[in-house]
Amino acid sequence: MRPTQAREGSRGAGSEGSGGGTGLGWSVLVTGFTLGVLAPTLHNATLPRAAADIGIDAPGQDIAQVLVVCASLAGLFWAGRAVDVRGARRVVLWSLLGTCAGGLLLLSAVGPVTYGVGLVVESASIMGVVAGYVASVPVLHLTGRLGRVVGVSFAALAVALTAGVALVLAADETGNWRMAEALPPLLAAGLFLPVFRTMVEEPRPTPPPDVSTAFKVGCPVVVLLGGVLQAAPLRSWLDAGVVTLLGVTLAVLVVCCPPGRAPFRVRLRQRRMEAREPAEADSRVGAAVLAGGVWGFGQSALATLLLVLLTERGGAQGESLVAWTGFGIGFALAGVYAARSGIAARPAAALGLTLAAVGVAVLPVLPHRHSTVATVIAALISVLVGFGVVLPQVPVVTRYLVSLPASGRGVTATAYPASVVLGGAAVTGIPYEAVISPSTRGDIQELLWITVTVLALAAVVLGRSAVAIAVAGGAVAQYVLVTVISENRYAQRPLSLAAFAVTGVIVGLAVWTRGRQGERLARALAAATALQQAVLRPLPARAGELEIAGLYRPATADTGIGGDFYDVAQTPFGTRILIGDVRGKGLQAVQIVADALGCFRSQAHETTGLTELAARLDRHLARAALSRQDSELFATALLLEHREGSDHLDVLNCGHLPPLAVGPGHEAREVQLPALLPLGFGSLDPDTVPTPVRLKLADDTVLLLHTDGLSEARDASGAFYPVIPRLRTAPTIRPRDLITHLMTGLAQWTHDSADDIALIALTTSPEPPHTGAPSP
C-alpha cells in the first residue's frame, strides 16, 4: 500500500466506529451510487409522458436527452477536480444539495425551460455524488475488503435498478410521472445527514494539485463526444454526418492530448515513481474504462432491443420493462457470485461477456403472436445478459479502485463512471416512441449485431480471446454444417439460430473450463515445486571432495514430493549423506519425510559419529509414530560419511537397499553391507549397534544409492528393471551420466512407475583449480 493511501486507509478504518466502515457507511455509499443508476432510468422512462404533460415537442425531447448526457459528464469532471481540491466529503454534500434543488425544479416544472434546467442541475449534481463516492471508497474501506464491497454493492445496485423499473411501471399505471421523478431528490435529502457520520473530512492538499492541459482540454471534448453520441440517430450509425462529427471530435482529442507532450502523463509517471505505484496502473484504468463503456452500452442496447422486439410480438412498454428486470436479476447474481468467488478479471470477462453476446444474438428467436411467452423468454435471456455484462465489472472495478493514485484521486475516479455514461449515450439517443416507429423497426437488427460485436470484442480484449473465438467458431461451424446438409432457409429459422448460439456456448464453456483447469493445475504444480524445494533441497554438485549428482521423481507427479528422501550436509565431521524411504508414498508420507530431514539437518552438525546420528533419527521417528498412533511408521535409510583427505566412506545401513558400485570397465556390483532395523522402531542404541562399515572409494569408482522405486519398476510381463545390467551399458561412469542412462532405460522399460524414485551418484574428485573464469 502506498504511504499516503496507508494514512488515508487508517483514517477510514479508524472512522468505522462512526460509520465509515460499518453497515450504515456501506448503505450510504450504495444509496449514493443508486442515484447514478436510477436517475437516468427514470428520466428516459418518464420523458415521453412529461413531454406530453408540459408541451415538449420531439426535437425538445432529443435536446433534453443530449443535455442530460452533457450535464452528467460535466458534473463528473467538475466533481473529480473538486475532490482533489476540497475533499470528497464537501463535494458530496454540495452535490446532494444540488440534486435536491434540481429535483424540486423538475417536479414543479410547468414548461420546457424549467423542466430542462431542473433536468440538467439534477443530472450534474447526481454525478457529482457518484464521483465523490468513487473517490472515497478506497479511503472508507480497507484494500483487502474492496472486492467484497464492490461485489455486494453491484448486487445492491441491481436491486435498486429493479425497484426503479417497478416504480416506472407504477407511475405509468397512474399516469403521474412526477411520482417517479420525486425519488432522486428524496434519496438525496435522506443522504445528507448520514454523510456527516460516514465520510471522513480529508485534509486539503497544499498547494492543490495542478490541472493538466490534457484534463482542461480533454473534459470539454469528452462532454462534446457524449452529446454527439446521444444525438446520433439509431438507424444512422454509418451516416456521413455522424461519422464526420465523431471523427472531428476524436481528432481534436488526439491533437490536444498527444502521447508525447501530455503533461498529465508526465506528472502521472512522476507520481507513480514517488508513490511506488505498480506499472500496470494505467492498464487497470483502461480496463475499467472499457468495462464501463460495455456496461453502459449493453444495458441501454438491451432495453431498446427488448422494447422493439416485444412490440413486434404484440407486447407494450410495460412488458418490455418487465422483461428488462431480468437484467437486474442477472446483475445481482453476478455481483454476489463475484463477491463470493473472488473470480479474476480475465476469466470473468471471457466467460461473462461471451455469454452476454450469445444472449443478445438469441433475442430474434422470441416467438410471435405469444407476447406473454415472448416476455418470459426475453426475461430469461436478460438474466443471462445481465449476469454476463456485470460479472467482469466487479474484479475490474476492484483493481481500478485499488490503483487510484493518492494525488489526483478525484480526477482519476471519474474515468469509470464517465465511460458508463458514454456507453449508454451511444444507444439511448432516441425516445422510445421514435424507436418503435415503422420506419426504424426493420433496422433494429443493426443495433442487435452491433451489440453482439461490441460484447464479443470486449470479451477478446478484457478476457481470454480463446473463449470468444471458440464460441464464434462453434456457432459458425454449426451454421456451415446445417447449411451444407440442408437448405439455407432452414438455417435461418429461429430455432436453428438458437442451436447455433447454444453450440457456440458449449464450445466456449468447454474451452473456458479447460483453461480454468489448466490454471488450477499450474497453481498445484507451482505449490508442489515450492513444497519440494522446501523439503527436498537441491543437492550440491560438489560437497568437499565428492562429486555428486541426484535425482528425485515422485510417484504422484502433481504433488512434487513423495515418500523417498535424500540430503547432503557438510558438517565439522565431514560430508554426511542420507537417502531413505518411508512407509507409504504420496502426500501421506510428506510429513514423515519433512520430520526425518529436519532431524537430520539439525543433528548431522551435532553428533560425532554415524551411530549416534542414526540413533537420534530412530528415536525421532519413534516419537513421531507414537504421536500419530501409527505403530507401523518406519523408514529405511542409508547414512554415509566422508572426511576430507580420506579414500574411504563410512556407511550405516538401516534396512535399506545396499549401494551399487560402478568401476572401471563398467563393472557394476552390489556392495554387501550388514542391515540394521529401519528407523522408527526405537531399537538403535549407540552402545550396542555395530560400527559403520568402511568402504574403499577409488577415484575411478562411482557409488550409486537408490530407492526401491527404481529396482522394483516392472515391465508389461512383470519383470523388474535390471539396474545392474543397465549400468554395465553406460557410455561413461560420471555420476550425472549414470543417472541419465538409468532413467532413459527406465522410460523404455515401463510407462508407469508406481513408486517414488530417489537416486544419488557420487565419487571422489579433487576440487579443480580456480582459474578466475566461470566453468562452462
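Two strands are taken to pair if DSSP finds at least two bridges between them. Helices (H or I, at least four residues) and strands (E, at least two) are DSSP runs, numbered from the N terminus. The model is a predicted one, in which local features need pLDDT of at least 70 and side-chain atom pairs count only at pLDDT 80 or more, whereas totals for chains, interfaces and linings use all residues. Residues are numbered from 1 along each chain as its sequence is written, and side-chain values use heavy atoms, with hydrogens and water left out.

The secondary structure of the chain comprises 29 helices and 11 strands. Of the 776 residues, 54% are buried, where buried denotes under 20% relative accessible area, exposed over 50%, and partly exposed the range in between (1.4 Å probe, protein chains only). The chain exposes about 33200 Å², of which carbon and sulfur atoms supply 63%; accessible areas come from the Shrake-Rupley method with a 1.4 Å probe, and for residues only the protein chains shown count as cover. With contact defined as heavy atoms within 4.5 Å, 79% of the contacts between residues at least 6 apart in sequence join residues at least 24 apart.

An open sheet of six strands is found, with the order β1-β2-β11-β10-β7-β8 and antiparallel pairing. Strands β1 (542-543) and β8 stand at the edges, each with a single partner strand, so one side of each is left without a neighbour in the sheet. At the β1 edge, two bridges join β1 to the antiparallel strand β2 (residues 546-553), and Ala-543 has Leu-546 in β2 as its bridge partner.

At the other edge, strand β7 (residues 660-663) runs antiparallel to strand β8 (residues 667-670), and four bridges join the two. Within this pairing, Leu-660 stands opposite Glu-670 and Val-662 stands opposite Ala-668. The two strands form a hairpin with three residues between them, and Gly-665 in the turn has a positive phi of about 70°. Strand β7 also pairs with strand β10 (residues 702-706), in the antiparallel sense and over three bridges; here the bridge partner of Val-662 is Val-702. The residues of β7 alternate in direction: Leu-660 and Val-662 point one way, Ala-661 and Gly-663 the other, and all are buried.

Aromatic pairs were identified for rings of Phe, Tyr and Trp (its six-membered ring) with centres within 6.5 Å, planes under 30 degrees apart counting as stacked, over 60 as edge-to-face and the rest as tilted. The count by this rule is 12 aromatic pairs. One of them, between Phe-154 and Trp-295, is tilted, with 5.5 Å centre to centre and 55° between the planes. This pair links distant parts of the chain, since Phe-154 lies in helix α6 (residues 146-174) and Trp-295 in helix α12 (residues 281-312), 141 residues apart. Phe-154 is buried, with a relative accessible area of 5%, and Trp-295 is likewise buried, at 6%. Both residues belong to a cluster linked by ring pairs, together with Trp-324, Phe-327, Phe-331, Tyr-400 and Tyr-416.

Further individual positions were examined in the helical elements and a loop. Thr-325, in helix α13 (residues 317-341), is buried with a relative accessible area of 19%. Apart from residues up to four places away in sequence, Thr-325 touches Thr-162 and Val-165. Leu-29, in helix α2 (residues 23-54), is buried at 4% relative accessibility; the C-alpha atoms of Leu-29 and Val-195 are separated by 9.1 Å, with the two residues 166 apart along the chain.

Pro-367 is located in the loop between α14 (345-362) and α15 (371-390) and is partly exposed, with a relative accessible area of 23%. When residues up to four places away in sequence are not counted, Pro-367 touches Arg-313, Val-373, Ala-374 and Ile-377. The C-alpha atoms of Pro-367 and Arg-313 are separated by 7.3 Å, although the residues are 54 apart along the chain.

At the surface, Trp-78, Trp-94 and Leu-97 make a nonpolar patch of about 390 Å², with Trp-78 placed in helix α3 (residues 58-86). Patches are made of residues with over 30% relative accessible area and no salt bridge, like charges being joined within 9 Å and nonpolar side chains (Val, Leu, Ile, Met, Phe, Trp, Tyr) within 5 Å. A salt bridge is a side-chain nitrogen of Lys or Arg within 4 Å of a carboxyl oxygen of Asp or Glu.
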